[in-house]
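The following exercises concern salt bridges and pockets. Each task is followed by a worked solution.

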Amino acid sequence: MRLLLVLSGAVAPLPLTAAWIAGGLLQEGYSPRREDVSALAAETAEHAWIVIAGLVLSGLLTAAFAARLWQIGEARLCSALVGAVGVGMVGLGLLRNDCSSLTEECKARVEAGEVSWHHLAHEALSAPVITAAVLAPVALAWSLRRQPGRRGLCAYSLVTAACLALLFSLGGAEAIPGWEGALQRGGISLAFLWLEIVARRELRRTT
């Protein structure tokens, strides 16, 4: 069981990454540079099921790995944050946007109050999920700071957290117009890379 939980963390990035690549290629007129991943799971998406499945599966695998981190006992806060990210990803997949929220047409619908409750819930859930993703590496670094041989992982985790905060902040504030989707993907990929490295290190300890 322990091995399966660790493997869950190692493969967690794959479903969502593959889903947004496939969904973006199949969605006519979609701009991965400008639009976010959730747009590919929106009510207006042509193949929404692909990214919905990717979000839910990656979320469940992430939550499973969080359970393993909790069992270890040395990074309980980190495990809780990773678990929150996993559960949040499932919620983001099921609470679909009505439209691509970074397009002008969708922004106008939001301002006019012409979007559904699940669109609003999706947007409200995004912030705590992103916050948990940024804080999880910090929590791991804090937990392992005094352990011999873990300084490299601690430093890497802190750098990852700083980069995630920067990328998500720039994207959320639309500081670089037209590049919000690319910034989001950069942040998600960086967070997944951190999860992959932590899982692989734990895999070496487990096997």
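**Exercise 1.** With which residue does R96 form a salt bridge, and how far apart are the closest N and O atoms?

Solution. The model is a predicted one. Step one: the partner of R96 is E43, and their closest N and O atoms lie 3.8 Å apart. Step two: a salt bridge requires a side-chain nitrogen of Lys or Arg within 4 Å of a carboxyl oxygen of Asp or Glu, so the pair qualifies. Step three: R96 belongs to the loop between α4 (76-94) and α5 (104-111), whereas E43 belongs to the loop between α2 (13-26) and α3 (48-72). The two residues are 53 residues apart, and the pair links distant parts of the chain. Step four: R96 is partly exposed at 21% relative accessibility, and E43 is partly exposed at 43%.

**Exercise 2.** Determine which parts of the chain the salt bridge between R68 and E202 ties together, and whether each residue is buried or exposed.

Solution. Step one: the closest N and O atoms of R68 and E202 are 3.2 Å apart. Step two: R68 sits in helix α3 and E202 in helix α8 (residues 180-206), so the salt bridge joins parts that are 134 residues apart in sequence. Step three: buried means under 20% relative accessible area. R68, at 9%, is therefore buried, and E202, at 7%, is buried as well.

**Exercise 3.** Classify the accessibility of the two residues in the salt bridge between E35 and R34, and place E35 relative to the second largest pocket.

Solution. Step one: the side chains of E35 and R34 meet at an N to O distance of 3.7 Å. Step two: E35 has a relative accessible area of 7% and is buried, while R34, at 29%, is partly exposed. Step three: E35 also lines the second largest pocket, whose lining includes Y30, C99 and R109. That pocket holds about 190 Å³ of space. Its lining divides into five nonpolar, four polar and three charged residues.

**Exercise 4.** Describe the largest pocket by its volume, its lining and the elements that contribute to the lining.

Solution. Step one: about 810 Å³ of space lies in the largest pocket. Step two: 34 residues line the largest pocket, and those closest to its centre are S126, I130, F168, Q184 and I188. Step three: two or more lining residues come from each of α3, α4, α6 (117-144), α7 (151-172) and α8. Step four: the lining comprises 21 nonpolar, nine polar and four charged residues.

Note on methods. Residues numbered from 1 in each chain as written. Predicted model: local features only at pLDDT ≥ 70, side-chain atom pairs only at ≥ 80, totals over all residues. Heavy atoms only, no water. Buried < 20%, exposed > 50% of the residue type's maximum accessible area, 1.4 Å probe, protein only. Helix = DSSP H or I, 4+ residues; strand = E, 2+ residues; numbered from the N terminus. 1 Å grid on protein atoms, 1.4 Å probe; cavity = no way out; pocket = protein on both sides within 12 Å on 5 of 7 lines; lining within 4 Å. Points joined across faces, edges and corners; volume = space filled by probe spheres on them. Nonpolar A, V, L, I, M, F, W, Y, C, P; charged D, E, K, R; others polar.
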